[in-house]
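User: Please examine the fold shown below and discuss its sheet and its helix packing in questions and answers.

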Amino acid sequence: MEQPINVLMVGAGEYTVGFVPTKEGAASDKSAGVIAITLMDLRRLGKVQRLVLCDRSGRHFPAVRDTIKRKIQDVYRDMDVTIETHPADEVEEDNTAYLAAMAGMRPGDMVTIFTPDHTHYPIALAAIQRGLHVLIAKPAVKSLQHHHHLVQAAAEKGVLVAVEFHKRFDPIYTGWAGRSSDISFYLNSHHIDFHAWSVQGQSRPMVVVASAARGKANEVLRDVLGERGGGGAAATQEDHGVGEGAGENAGLVEGKEAEGDPVGSVDVEDAITLMVQWQNKGGSCGTALYTASWIAPPTDCHTQQYFHYMGHQGEVRVDQAHRGFTMATDAAGFATLNPLYMKYTPDAAGRFAGQLGYGYRSIAEFVTAAQCINSKKLTPEVVESSEMIATIGSSACLLTTAILEAGRKSLDMAGAPISIEYNEEGRPIVLMPVSP
């Protein structure tokens with residue numbers, strides 16, 4: 001059996017521990033979090049040893065510990081929830097607390113990064129430089145330059161670095177991965193990675209044009225910040241978790257301080273649509289659409305996600321949100337469930353029983369791969385060639401970053417087309433505005 005691995009979790013919010021400091025609390029599909037509960041179960045199974053939790057503020061840790069106790073310790077049998085925390089509880093804010101936490105880790109240990117998008121790069125780079133394996137929330141980083149830098153740093157240190165695209169482990173989607181196919185329509189920006197993964201080696205994105213709807217999100221944020229007496233862009237992060245990203249479709253949303261706003265609000269798009277022209281190896285072209293939104297009203301499920309592929313020889317449709325499982329209660333009303341993501345109901349013996357969920361599997365597979373690299377049974381290159389884990393140097397991962405950054409540039413340039421340029425090896429390296 002491989003030696004158990006120590007894990008540092010950076011970001012103590014919804015996805016990591018199920019903690020959100022608002023009256024609404026965590027979303028229904030991740031009520032007890034994903035990262036910590038998975039790692040605690042892996043510790044029960046002998047794959048993980050020491051767990052460390054880090055955030056930019058220690059003031060939330062008493063509430064975080066209470067959340068872990070109520071949602072994990074009091075619910076499951078034989079679940080060791082022992083966890084170290086950084087910084088100290090009395091620290092109001094320390095944006096470099098992760099450096100002190102990493103100082104207590106050893107080469108070959110693992111770091112998970114579930115923090116605001118703009119912080120992924122410096123935290124990941126610091127972890128890589130210390131010889132730590134790194135699992136990053138989507139999107140990996142916000143620029144191709146930073147992405148290539150992480151690829152180079154990971155190769156020099158021989159560590160595994162990947163993005164937690166759990167949809168690769170969803171059985172509804174995995175049957176289409178790697179198919180040789182022409183392009184069509186993919187809805188929801190969470191599917192950009194899956195699209196790029198499915199057609200890698202057969203197609204590549206060439207031009208990105210973005211458009212956005214605005215108004216409602218800024219109105220809501222202005223009301224929230226007004227109640228708090230201002231606070232600027234940083235204050236909005238706490239609406240989505242302690243130092244964590246803003247949710248399922250946060251990849252393109254970029255907070256920008258609004259000039260002349262006495263409340264200190266931010267400029268956030270309500271919905272974003274990217275139109276991406278792809279080129280196939282045979283010379284034909286296809287179009288992909290990706291749409292993400294912050295402002296969908298409450299419905300029967302957490303997020304309405306759809307996948308539609310239409311190729312030259314057929315099509316497939318997947319209703320990600322509606323899988324045939326529904327429930328109705330007096331307290332919550334009617335709801336559509338996704339039992340394939342995370343299962344929080346204990347088994348008959350009272351133990352955690354969600355090992356088959358694709359949220360759990362994406363983390364467990366990374367832990368196993370990191371253990372095998374530590375024991376010299378695998379190399380990062382071999383893991384990348386398996387194509388299940390979204391390694392930072394893989395073609396699909398690079399293309400996803402290129403599309404997201406090109407979309408941001410297009411939005412900032414009033415919808416101007418942005419071309420993705422490639423080097424001789426076929427890897428995206430530069431984004432250029434298309435001349436009229």
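**Strand and helix arrangement**

Strand 10 and strand 11 form a hairpin in which four residues lie between the two strands, and Gly283 in the turn has a positive phi of about 105°. The model under discussion is predicted.

User: How many bridges join strand 10 to strand 11?

Analyst: The two strands of this hairpin run antiparallel. One facing pair is Ala271 and Ser293, the latter in strand 11. The number of bridges joining strand 10 to strand 11 is nine.

User: In what order do the five strands of the open sheet lie?

Analyst: Strand 7 is joined to strand 10 by 11 bridges, and two bridges join strand 7 to strand 17. The pairing in the sheet is antiparallel. The order of the five strands is 11-10-7-17-18.

User: Which are the edge strands of this sheet?

Analyst: An edge strand here pairs on one side only. This applies to the strands spanning 285-293 and 428-433. The edge strands are strand 11 and strand 18.

User: Which residue in strand 17 is the bridge partner of Val208?

Analyst: Strand 7 covers residues 203-214 and strand 17 covers residues 418-422, and the two run antiparallel. On the other pairing of strand 7, Ser211 has Thr273 in strand 10 as its bridge partner. For Val208, the bridge partner in strand 17 is Ile418.

User: What angle does the direction of helix 8 make with that of strand 10?

Analyst: Helix 8, residues 192-199, packs on the sheet and touches strand 7, strand 10 and strand 11. Helix 13, residues 395-412, lies across strand 7, strand 10, strand 11, strand 17 and strand 18, and runs at about 40° to strand 7. For helix 8 and strand 10, the angle is about 10°.

User: Why are helix 5 and helix 6 described as roughly parallel to each other?

Analyst: The axes of helix 5 (residues 120-129) and helix 6 (residues 144-157) come within 9 Å. Angles under 35 degrees count as roughly parallel. Helix 5 and helix 6 are therefore placed in that class, since their axes cross at roughly 15°.

User: How many nonpolar residues does the contact of helix 5 with helix 6 have?

Analyst: Helix 5 passes helix 6 in a left-handed crossing. Residues of helix 5 including Tyr121, Leu125 and Ile128 meet residues of helix 6, among them His149, Leu150 and Lys157. By class, the contact has three polar residues and one charged residue, while the number of nonpolar residues is seven.

How values were computed:
Residues numbered from 1 in each chain as written. Predicted model: local features only at pLDDT ≥ 70, side-chain atom pairs only at ≥ 80, totals over all residues. Heavy atoms only, no water. Pairing = 2+ DSSP bridges. Contact = heavy atoms within 4.5 Å. Axes fitted to C-alpha atoms, helices over the stretch in contact; angles between N-to-C directions. Parallel < 35°, antiparallel > 145°, perpendicular 65-115°, else oblique. Left-handed = near helix turned anticlockwise from the far one by under 90°. Nonpolar A, V, L, I, M, F, W, Y, C, P; charged D, E, K, R; others polar.
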